[in-house]
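Student: Hi! I have a new structure open and would like a hand finding my way around. Could we go through it together?

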Amino acid sequence: MNTESGAVLKAENLHKNYIQGDLEIPVLGGLNFELARAEQVAVVGRSGSGKSTLMHVLAGLDTPDKGSVLVDGVDLASADNDTRARVRSHSMGFVYQNHHLLPEFSALENVAMPLRIDGNDRPTAEDNAAHLLSEVGLKNRLGHLPHQLSGGERQRVAVARALAGDPKIILADEPTGNLDAETAAQVIELMHTMSAEHGCAFLVVTHDPSALPSFSRVVRLADGILT
Ligand SMILES: Nc1ncnc2c1ncn2[C@@H]1O[C@H](COP(=O)(O)OP(=O)(O)OP(=O)(O)O)[C@@H](O)[C@H]1O
Ligand SMILES: [Mg+2]
């Protein structure tokens, strides 16, 4: 289910301050944001501007002091833990800077894992996982453990895993931060391709200016709001 505006994610009037002892750090100050179906948006902003905080709030991992985050007709800012977990696993996928693959499991098992947790039997989960890995160019790496893969290949596995379960939204916080420029460009291009083929929106935090022209929209976080 989409929001009334047709957005797959809609954040309104987000406020978030961190309190550290006597210090109050304002991070989000009335931020609004909408992500349309299959839209590919880059988030930029200087270090410390609150990009990761924003991603955590949009992912339902952190709660804002004020405001709402609508996904699938649910406000993640006010939903209980079970509801947030359900929306996260059904509608959202995540790609991290440090792949976060389980080290003792193969590429195939890592991608199949969310499908197994979602209740699919092993052959179905592994069939889907193999298909996704083939789509990201890794059909000959199914049995490789994360440490047997290159950095770029690990991020491809992470993209495949994020797409398992067919989410409408993928959130990625500096997914290419640990890669060289050429590999980073390939991973960003892969995200665009997968976004188009799966009809999935991507919201990507990046510090890499050369990646920006490929996005349909670039938003800048400064002074607690996006422009
Ligand atoms: N758990 C926390 N407790 C207190 N302050 C925090 C916490 N998390 C982040 N901050 C502060 O909030 C601000 C925003 O941090 P955040 O990590 O969101 O920035 P960022 O834009 O992602 O930076 P970078 O580009 O370096 O990753 C920073 O000033 C940071 O020190
Ligand atoms: Mg960050």
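Student: Let's start somewhere random. What does Arg141 touch, leaving out residues up to four places away in sequence?
Tutor: Arg141 touches Ala107, Leu149 and Glu153. Keep in mind that this is a predicted model.

Student: And where is Arg141 found?
Tutor: Arg141 is in the loop between helix 4, residues 122-135, and helix 5.

Student: Is Arg141 buried, exposed or partly exposed?
Tutor: Arg141 is partly exposed, because 19 other C-beta atoms lie within 10 Å, and a residue needs 20 or more to be buried.

Student: How far is Arg141 from Ile117 in space?
Tutor: Their C-alpha atoms are separated by 23 Å, and along the chain Arg141 and Ile117 are 24 residues apart.

Student: Okay, zooming out. How many helices and strands does the protein chain have?
Tutor: The protein chain has six helices and 10 strands. Its radius of gyration is 17 Å, close to the 17 Å that the globule rule gives for 227 residues, so the chain is as compact as a globular protein of that length.

Student: What does the C-alpha trace span along its principal axes?
Tutor: About 50 × 40 × 35 Å. Of the 227 residues, 40% count as buried.

Student: What share of the contacts comes from residues 24 or more positions apart?
Tutor: Those account for 70% of the contacts with a separation of 6 or more.

Student: Now the strands. What is the order of the six-stranded open sheet?
Tutor: The order is 6-7-8-3-9-10, and the pairing is mixed. The edge strands are strand 6 (92-95) and strand 10 (225-226), each of which pairs on one side only.

Student: Do strand 3 and strand 9 run parallel or antiparallel?
Tutor: Strand 3, residues 40-44, and strand 9, residues 217-222, run parallel and are joined by four bridges. To find the pairing on screen, look for Val41, whose bridge partner in strand 9 is Arg217.

Student: Which strands does helix 5 lie across?
Tutor: Helix 5, residues 151-163, lies across strand 6 and strand 7 (169-173), and runs at about 170° to strand 6. Helix 6, residues 181-198, lies across strand 3 and strand 8 (201-205), at about 160° to strand 8.

Student: I clicked on Thr183. Which helix is it in?
Tutor: Thr183 is in helix 6. Not counting residues up to four places away in sequence, Thr183 touches Gly151 and Gly152.

Student: How far apart are Thr183 and Gln155?
Tutor: They are 28 residues apart in sequence, and 9.7 Å apart in space from C-alpha to C-alpha. As for exposure, Thr183 counts as partly exposed because it has 17 other C-beta atoms within 10 Å.

Student: Back to the start of the chain. How many bridges join strand 1 to strand 2?
Tutor: There are 11 bridges between strand 1 (residues 7-20) and strand 2 (residues 23-36), which run antiparallel. Gln20 stands opposite Leu23 in strand 2.

Student: What happens between those two strands, at Gly21?
Tutor: The hairpin has two residues between the strands, and Gly21 takes a positive phi near 60° there.

Student: How does strand 1 pair with strand 4?
Tutor: Strand 1 and strand 4 (residues 66-71) pair in the antiparallel sense over four bridges. In one of these places, His15 has Lys66 of strand 4 as its bridge partner.

Student: Which residues have a positive phi without being glycine?
Tutor: Asp72 and His100 are among them, each with phi near 60°. Asp72 lies in the loop between strand 4 and strand 5 (74-75), while His100 sits in the loop between strand 6 and helix 3 (107-117). His100 counts as partly exposed because it has 13 C-beta neighbours inside 10 Å.

Student: Last topic, the ligand. Which residues are around ligand 1?
Tutor: They include Tyr18, Gln20, Ile25 and Val27, as well as Gly48, Lys51, Ser52 and Thr53. By class, the shell has three nonpolar, eight polar and one charged residues.

Student: Which element gives the largest share of that shell?
Tutor: Helix 1 does, with three residues. Strand 1, strand 2 and helix 1 (51-58) each supply at least two.

Technical notes
Residues numbered from 1 in each chain as written. Chains lettered and ligands numbered in written order. Predicted model: local features only at pLDDT ≥ 70, side-chain atom pairs only at ≥ 80, totals over all residues. Pairing = 2+ DSSP bridges. Near = placed C-beta within 6 Å. Nonpolar A, V, L, I, M, F, W, Y, C, P; charged D, E, K, R; others polar. Contact = placed C-beta atoms within 7 Å. Axes fitted to C-alpha atoms, helices over the stretch in contact; angles between N-to-C directions. Buried ≥ 20, exposed ≤ 12 C-beta atoms within 10 Å, placed from the backbone. Rg over C-alpha atoms; globule rule 2.2 N^0.38 Å.
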